[in-house]
Amino acid sequence: MAQNPPQNPATMTTDAGRPVGDNQNSLTVGPRGPVVFDDFLLFEKMAHFNRERIPERVVHAKGSGAYGAFTCSHPGMARYTSAALFSAVGKRTPAFLRFSTVGGEKGSADTERDPRGFALKFYTEEGNWDMVGNNTPVFFIRDPLKFGDFIHTQKRDPQTNLKSPAMMWDFWSLSPESLHQVTILFSDRGTPDGYRHMNGYSSHTFSLINAKGELHWVKWHFKTRQGIKNFHRESAAAMRGQDPDYAQRDLYDAIARGEFPRWRVCMQVMTEKQADACAFNPFDLTKVWPHKAHPLIEVGELVLDRNPENYFAEVEQAAFEPRNVVPGMGYSPDKMLQGRLISYPDAHRYRLGVNYDALPVNRPQCPVHTYHRDGSMRFDGNGGAAPNYEPNSLGGPAQNPAYRETPRAVSGNVDRHDHRAGNDDYTQPGNLFRLMSPAERERLIGNIVDSMRGVPRAIQERQILHFHRADPAYGAGVARGLGIEIEALLAAAAKA
Ligand code: NDP
């Protein structure tokens with residue numbers, strides 16, 4: 001907010017520009033009222049105020065955003081992609097990043113145990129690239145058909161209107177593919193210290209395509225240069241009361257101070273041949289690609305150096321969508337990605353209206369030539385007098401075959417294939433558990449026990465068996481914390 005208001009402020013007006021003579025007193029019959037219908041100013045103010053809220057995002061409602069840029073540092077990206085933002089070392093592409101918590105409402109506390117959204121928009125000269133990721137490399141489910149069910153468990157109980165650990169653990173214990181993400185969520189990284197001290201991941205696999213049409217599968221990693229820093233359960237809980245907007249304040253203040261947060265931008269790549277030979281499905285969103293087999297390749301740096309001027313205009317109205325990739329990039333067979341390709345623009349059309357892409361924060365910074373016209377809140381020139389159909393003989397924008405998608409072969413029977421059949425849900429969560437220090441394991445188990453304490457016994461037992469399959473020490477630790485005899489549980493499970 002400006003500290004020193006200007007000496008000669010502009011004359012206030014109504015929305016229609018009529019100068020306002022008195023913004024303190026309603027128009028009334030005598031000093032004691034009543035108000036008369038002629039009070040255009042009062043009614044305009046009340047009507048606008050009543051309409052200030054737009055639908056809250058169903059997920060990722062609470063967020064913070066900032067502008068910055070990506071600078072390419074890799075001289076050999078042409079091997080992987082023809083995307084313009086990677087075309088030269090030192091090439092700078094403006095970007096906007098919105099961080100968020102996922103399950104809570106717009107007023108929820110920033111230090112809740114929750115994944116964090118890490119949604120980037122790169123304004124490239126060939127359109128926007130939206131890298132709509134999280135601070136975790138995996139997700140709870142691998143089939144988008146389960147997304148609504150899963151999110152309901154993170155929201156409020158339909159009767160009590162309270163968050164319900166019983167709903168969460170019921171769903172997770174019946175969905176073993178969630179174990180990897182559950183392990184990350186209940187580790188120290190489930191309560192990051194603000195947004196500057198965490199990594200970002202595309203989580204999904206995407207593709208990079210070079211000028212020869214050759215394809216590599218890719219996963220994006222954004223490694224914080226500030227260092228990983230997390231709250232522990234107790235300090236996160238204390239901060240929820242002390243400063244529910246901790247992460248927003250931390251990000252805004254750091255940028256205002258000139259302490260610009262930075263991330264190393266890295267990728268993991270896999271050839272099509274390697275993907276075919278991969279022991280697990282490399283497009284499964286519940287799996288990572290081990291670093292040893294697919295080491296990180298550093299390709300540049302992302303820096304955030306400018307706070308938005310207006311939160312609603314630039315952060316609340318920001319709309320990201322994984323379908324926004326640029327020439328030289330493509331999608332992958334990840335079914336969760338396909339679900340998101342459809343659902344994100346659908347959510348924006350509902351929340352912001354069909355012309356959401358024309359809002360300043362979402363508008364590409366390159367020329368846009370479409371034949372879309374009209375729709376609610378069309379506040380630009382709507383294409384002016386230019387033709388609104390194609391083909392036309394009026395010189396309107398035309399397709400350019402240079403940008404055709406690279407052909408790709410697919411095969412298989414159309415069916416509702418069982419995504420759990422033959423899938424190993426335990427090795428990778430076990431690997432994560434095993435790489436934690438004894439103190440980190442103790443905190444992980446303590447966080448889980450704290451969350452599961454009031455959950456029905458049958459759900460606790462079902463979930464402990466999953467922890468045990470990932471690593472016996474993991475199962476034993478949670479069982480001990482909940483006062484459950486692990487040997488008896490394992491014996492009963494073996495008989496069942
Ligand atoms: P590595 O030892 O090469 O990598 C381990 C990774 O785990 C590092 O990226 C590290 O991040 C990250 N990590 C450490 N603690 C946590 C935590 N509490 N929550 C989430 N990530 C954490 O091993 P692998 O590549 O073979 O992977 C082993 C396991 O590490 C995986 O099963 C997975 O659970 C986890 N992991 C793997 C990632 C990958 O892309 N391969 C990415 C993130 C996690 P940092 O370097 O930033 O400290």
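In this predicted model, 19 residues surround the ligand, each with a heavy atom within 4 Å of it. The closest are His 180, Arg 189, Asn 199, Trp 289 and His 291. By class, the shell has nine nonpolar, eight polar and two charged residues. Here Ala, Val, Leu, Ile, Met, Phe, Trp, Tyr, Cys and Pro count as nonpolar, Asp, Glu, Lys and Arg as charged, and the others, Gly among them, as polar.

The table gives N or O atom pairs between protein and ligand; a polar contact is such a pair within 3.5 Å.

| Protein atom (N or O) | Ligand atom | Distance |
|---|---|---|
| Ser 187, side chain | nitrogen | 3.0 Å |
| Arg 189, side chain | oxygen | 2.8 Å |
| Trp 289, backbone | nitrogen | 2.9 Å |

The protein covers 75% of the 790 Å² of accessible area that the ligand has on its own (Shrake-Rupley method, 1.4 Å probe). Three elements give two or more residues to the shell: α4 (179–185), β7 (215–224) and α10 (427–435). The largest share, four residues, comes from α10.

Now the whole protein. It has 14 helices and 10 strands. These are DSSP runs: helices (H or I) of at least four residues, strands (E) of at least two, numbered from the N terminus. Of the 496 residues, 47% count as buried, meaning under 20% relative accessible area with a 1.4 Å probe and protein chains only.

Residues are numbered from 1 along each chain as its sequence is written. Local features need pLDDT of at least 70, side-chain atom pairs count only at pLDDT 80 or more, totals for chains, interfaces and linings use all residues, and side-chain values use heavy atoms, without hydrogens and water.

Definitions and conventions. Polar contact = N/O pair within 3.5 Å; in protein donor to acceptor, adjacent residues only side chain to side chain. Buried < 20%, exposed > 50% of the residue type's maximum accessible area, 1.4 Å probe, protein only.
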